[in-house]
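Here are a few exercises to work through with the model open on your screen. Try each one yourself before reading the solution.

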Amino acid sequence: MSSNSDSIVVRDLRAEDSEAVVRLIKNGFYGLIGEYRRNMCLRRRFVLQCGVLLLLSALLSLQLAVVVLVVLASLVYWMPYKAFNDYFDRNVDYADLFSFYQRAGRRLVVALEGDRIIGSAGMSRIDDESAELRRMCVHEECRGRGLAKRLLDAMEAHCRSLGCKRIELSTAATHHAALGLYKKHGYRFYKSFVRPVFPSVPSFAGFDVVFYEKQL
C-alpha cells in the first residue's frame, strides 16, 4: 500500500525502517512517563502502603522516616521507566520488527514525511474473525494533522480485507489522546487490568491497562 496526502507517504514496513520505528514507539512511550507516574501515585492502595511505611518508620526514628521517604520518591521516579523497559523486553516484535510483521496474518505500515518516519500502525490476526491493532504511534510534532485517523483507517480496511469482523487494542488508561481517537471511531471499552511494576509483589504498584474493541 502506498498513498500521498499533505506530503506524507504511507507504505509497508521495510527492513531498513525497523530501528527508526522502534525508536519512534519508545519515544512515544517515554513521552507518557508523567501520566504513568500520576496514575501510579493516585492508586489508593499505593498511597496507603506508602503512608503506612512512612508512619511506621517515623515511629521508629525521624532519620529512618527520611530514608524511607527518599527511597519512595526514587521508586516513584524510577518505576515508570522499569515498567516501560519490561514491556519492551516482553514483546517479541521489538527484537526483529520486520521479520515479525512479515509473517502471515500480520502487517505494519509506516508514515513518512520526506525521509523521516513519523508514524506507524500494525495488526496481528488473533483468529479467523478477530485481529489486534498494534504499534499505533504518531510523532508528537506531527499530531493534529489527521495522520492517526489515516493509519487507523488503513489497518481497519486491511483487517476487513482478511475477513476479520472484530478488532481489539490495548493501551494505557492514561493515554487520553489515543483513547479519544479510538472512542471517536467506534471503539468500546470491554475490560481492564493492572499491570504490576514488580510481578513478585503485584499489590505494591502498577498501571491501568484498558482494552477496547470494535465490530468491523
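**Exercise 1.** Are H1 and H4 roughly parallel or roughly antiparallel to each other?

*Solution.* Keep in mind that this is a predicted model. Start with the geometry: helix H1 (residues 18-30) packs against H4 at about 150°, and the two axes are 11 Å apart. Angles over 145 degrees count as roughly antiparallel, so H1 and H4 are roughly antiparallel to each other. Next, the handedness: H1 and H4 make a right-handed crossing. Now look at who touches whom. From H1 you have Lys26, Phe29 and Tyr30, and they meet Tyr81, Phe84, Asn85, Tyr87 and Phe88 of H4. Sorted by class, that contact has 6 nonpolar, 1 polar and 1 charged residues.

**Exercise 2.** Work out how H3 lies against H4, and what kinds of residue make the contact.

*Solution.* Helix H3 covers residues 44-60 and helix H4 covers residues 62-90; their axes come within 6 Å and cross at roughly 155°. That makes H3 roughly antiparallel to H4. This crossing is right-handed. On the H3 side, the contact is made by Phe46, Cys50, Leu53, Leu54, Ser57, Ala58 and Leu60. H4 brings in Leu62, Leu64, Ala65, Val68, Leu69, Leu72, Val76 and Met79. Count by class and you get 14 nonpolar, 1 polar and no charged residues in the contact of H3 with H4.

**Exercise 3.** How many disulfides does a search of the whole structure find, and why is Cys164 not bonded to Cys159?

*Solution.* The search comes back with 0 disulfides. Take Cys159: it is in no disulfide, and the nearest cysteine sulfur, that of Cys164, is 5.1 Å away. Now go from the other end. The closest cysteine sulfur to that of Cys164 is in Cys159, and at 5.1 Å it is too far for a bond; the cut-off for a disulfide is within 2.5 Å. Finally, check accessibility: Cys159 is buried at a relative accessible area of 0%, and Cys164 is buried too, at 4%.

**Exercise 4.** Is Val210 buried or exposed, and which residues is Val210 in contact with beyond its sequence neighbours?

*Solution.* First find the residue: Val210 sits in strand E8 (residues 206-215). Its relative accessibility is 10%. Buried means under 20%, so Val210 counts as buried. Then list the contacts, leaving aside neighbours within four places in sequence: Leu169, Ser170, Thr171, Ala172, Ala173, Leu179, Phe189, Lys191 and Ser192. For a distance check, try Pro196: Val210 and Pro196 are 14 residues apart in sequence and 14 Å apart in space, C-alpha to C-alpha.

How values were computed:
Residues numbered from 1 in each chain as written. Predicted model: local features only at pLDDT ≥ 70, side-chain atom pairs only at ≥ 80, totals over all residues. Heavy atoms only, no water. Axes fitted to C-alpha atoms, helices over the stretch in contact; angles between N-to-C directions. Helix = DSSP H or I, 4+ residues; strand = E, 2+ residues; numbered from the N terminus. Parallel < 35°, antiparallel > 145°, perpendicular 65-115°, else oblique. Left-handed = near helix turned anticlockwise from the far one by under 90°. Contact = heavy atoms within 4.5 Å. Nonpolar A, V, L, I, M, F, W, Y, C, P; charged D, E, K, R; others polar. Buried < 20%, exposed > 50% of the residue type's maximum accessible area, 1.4 Å probe, protein only.
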